Amino acid sequence: MKSLPLATSLLLLAVPLCAQDKAKAKADKIDFKTSVLPILEKNCFECHRTAYTAKDGKVVRPKKNVVFDSKDGMLQSWKGKLVIANKPDDSEMIKAVSLPADDDDRMPPKKKGDPLPKDKIEVLQKWIEQGADFGDWKAAPPVEGSKPAKPGDGKGKGGDGKKGGDQNSGGEAMAELQALGEALSPLGSEVLLQAAHGKARIEPFADGSALLRVSFPGHEDEVADTDVDALLPLREHVVSLDLGRTRVSDSCCAVIAKMPKLARLDLRETTVGDAGVQQLAACRELRSLNLFATKIGDAGMAALRTLPKLQHVYVWQTGVGAEAVVALRTALPDLQVSFAIDLPDPSADGGQGRKRRGKK
Ligand code: HEC
């Protein structure tokens, strides 16, 4: 499962365009902010926003945990299948809007009215076909008159209004990450091949960058701690590591802790817990950490306080308690913690049990 970006783009060129596409095919690259975002804003945001606290203090959650108002949400919610770069036909976002008008699963839902017009669907398709580039867009602004949802807070006191600062930081963030690789020389293909262990997909983080992005698509079930050990020769180069849904355990974190440039780490749905997470405190460049449905608890959360660059932590469906989240957010005020998206409304009666799950 090596990625072949060149082959992929050649393939796309070879796909014949439909007649009505021809005129548009000449048009330039689809720009996310000016062409795609308005469609999503108008037709999808209403029901698919990141959980937030409304004016009346109620926490409003995205339907089916499908999130369209942030880049992370679009890439990570719905098991990361909403938008699959270069593959519009595999992307659930496209599937959902392309269903027949009378199909119950069609988006926007029947009761909301007509399907998206064809030309709008084509814009979405084309954007994905071209690689689903978000430009510098990262997170949607907070909902008007309300504040981002804060865990354990159904009373509307949450949020600090700083979330809006994320809006334009995407491009800067990307440049910042690329700068991490400036002094590095690219690794040879033999080193990469060996490290891949026949399972990893190892790609340059960006064109011409010596930094690497590592994932294991299609091999999740076979990937264990030894496969992470194999990445050790790349330790200086790995900036993004996706181990989501693999069989890795706490012990892989000892190797990960030796990756000084690591900025994005995905450990979702693994058995990694506090002992592993505590070691990650060595990853000083870590910005995004996905611990969705892992074994992390309050002790692991506390260890994250020392990570100066941390911007986003995902701890849905974990044993982390609301108090630990609030404590971490107090220590790192700019940190976004995605915590409640999968939990019942903490202000509802049923919420109390879940909210306190982290407490023994
Ligand atoms: C009026 C509210 C509403 C709007 C607007 C809306 N959705 Fe949904 N969406 C839902 C609900 C409710 C579900 C869960 C449906 C279910 O459980 O079958 C859902 C589910 C989904 C799913 C998951 C797949 C599935 O079948 O469950 C996707 C993908 C999705 N929506 C995409 C979109 C897109 C893209 C738009 C905008 C074009 C959109 N939605 C607009 C309410 C909405």
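This passage describes the fold, the nonpolar cores, the ligand surroundings and some local backbone features of a predicted model.

The chain contains 14 helices and ten strands, and 39% of its 360 residues count as buried. When contacts between residues at least 6 apart in sequence are considered, 61% of them join residues that are at least 24 apart.

The largest nonpolar core is made up of 54 residues, and within it Ile256 and Leu262 have the most contacts. Several elements each supply at least two residues of this core, namely helix H7 (169-180), strand S5 (212-215), strand S6 (238-242), helix H10 (252-256), strand S9 (312-314) and helix H13. A second core, separate from the largest one, has 15 residues and includes Phe68, Val83, Met93 and Leu124. The surroundings of leucine 262 can be described in further detail: when its neighbours within four places in sequence are left aside, leucine 262 is in contact with Val238, Val239, Leu241, Ile256, Cys283, Glu285 and Leu286.

Strand S6, which supplies residues to the largest core, has five of its five residues buried, so this strand is largely enclosed by the rest of the structure. Strand S6 is joined to S5 by three bridges, and the two strands run parallel; in this pairing, valine 214 stands opposite leucine 241 of S6. Three bridges also join S6 to strand S7 (residues 264-266), again in a parallel arrangement, and here aspartate 242 stands opposite aspartate 266 of S7.

Helix H13, which spans residues 322-331, has Ala322, Ala324, Val325, Leu328 and Arg329 as buried residues. These residues lie on the same side of H13, because the arc that they cover around the axis is only 160°. The spacing of such positions can be understood from the geometry of an α-helix, which has 3.6 residues a turn, so that residues three or four places apart point the same way. Glutamate 323 also has its place in helix H13, but this residue is classed as partly exposed, because 16 other C-beta atoms lie within 10 Å, whereas a buried residue would need 20 or more. The C-alpha atom of glutamate 323 is separated by 8.4 Å from that of aspartate 298, although the two residues are 25 residues apart along the chain.

The ligand is surrounded by 20 residues, of which Cys44, Cys47, Lys63, Lys64 and Met107 are the closest. By class, this shell consists of twelve nonpolar, two polar and six charged residues. Helix H5 (residues 92-98) contributes four residues, the largest share of the shell.

Two of the residues closest to the ligand, Lys64 and Met107, also take part in local backbone features. Methionine 107 is joined to proline 108 by a cis peptide bond, for which omega is about -15°, and proline 108 is found in the loop between H5 and helix H6 (118-129). Lysine 64, for its part, has a positive phi of about 55° although it is not a glycine, and its place is in the loop between strand S2 (59-60) and helix H4 (71-76). Lysine 64 is counted as exposed, because 10 other C-beta atoms lie within 10 Å and the limit for this class is 12 or fewer.

A positive phi, near 55°, is likewise found at glutamate 269, a residue other than glycine. Glutamate 269 is located in the loop between S7 and helix H11 (274-279), and with 18 C-beta neighbours inside 10 Å this residue counts as partly exposed.

In helix H11 itself, glycine 276 counts as buried, with 25 C-beta neighbours inside 10 Å. Apart from its neighbours within four places in sequence, glycine 276 is in contact with Asp250 and Cys253. The C-alpha atoms of glycine 276 and serine 251 are separated by 6.5 Å, while the two residues are 25 residues apart along the chain.

Terms used
Residues numbered from 1 in each chain as written. Predicted model: local features only at pLDDT ≥ 70, side-chain atom pairs only at ≥ 80, totals over all residues. Near = placed C-beta within 6 Å. Nonpolar A, V, L, I, M, F, W, Y, C, P; charged D, E, K, R; others polar. Arc of directions from axis to C-beta. Contact = placed C-beta atoms within 7 Å. Core = buried A, V, L, I, M, F, W, Y, C linked by C-beta atoms within 7 Å. Pairing = 2+ DSSP bridges.
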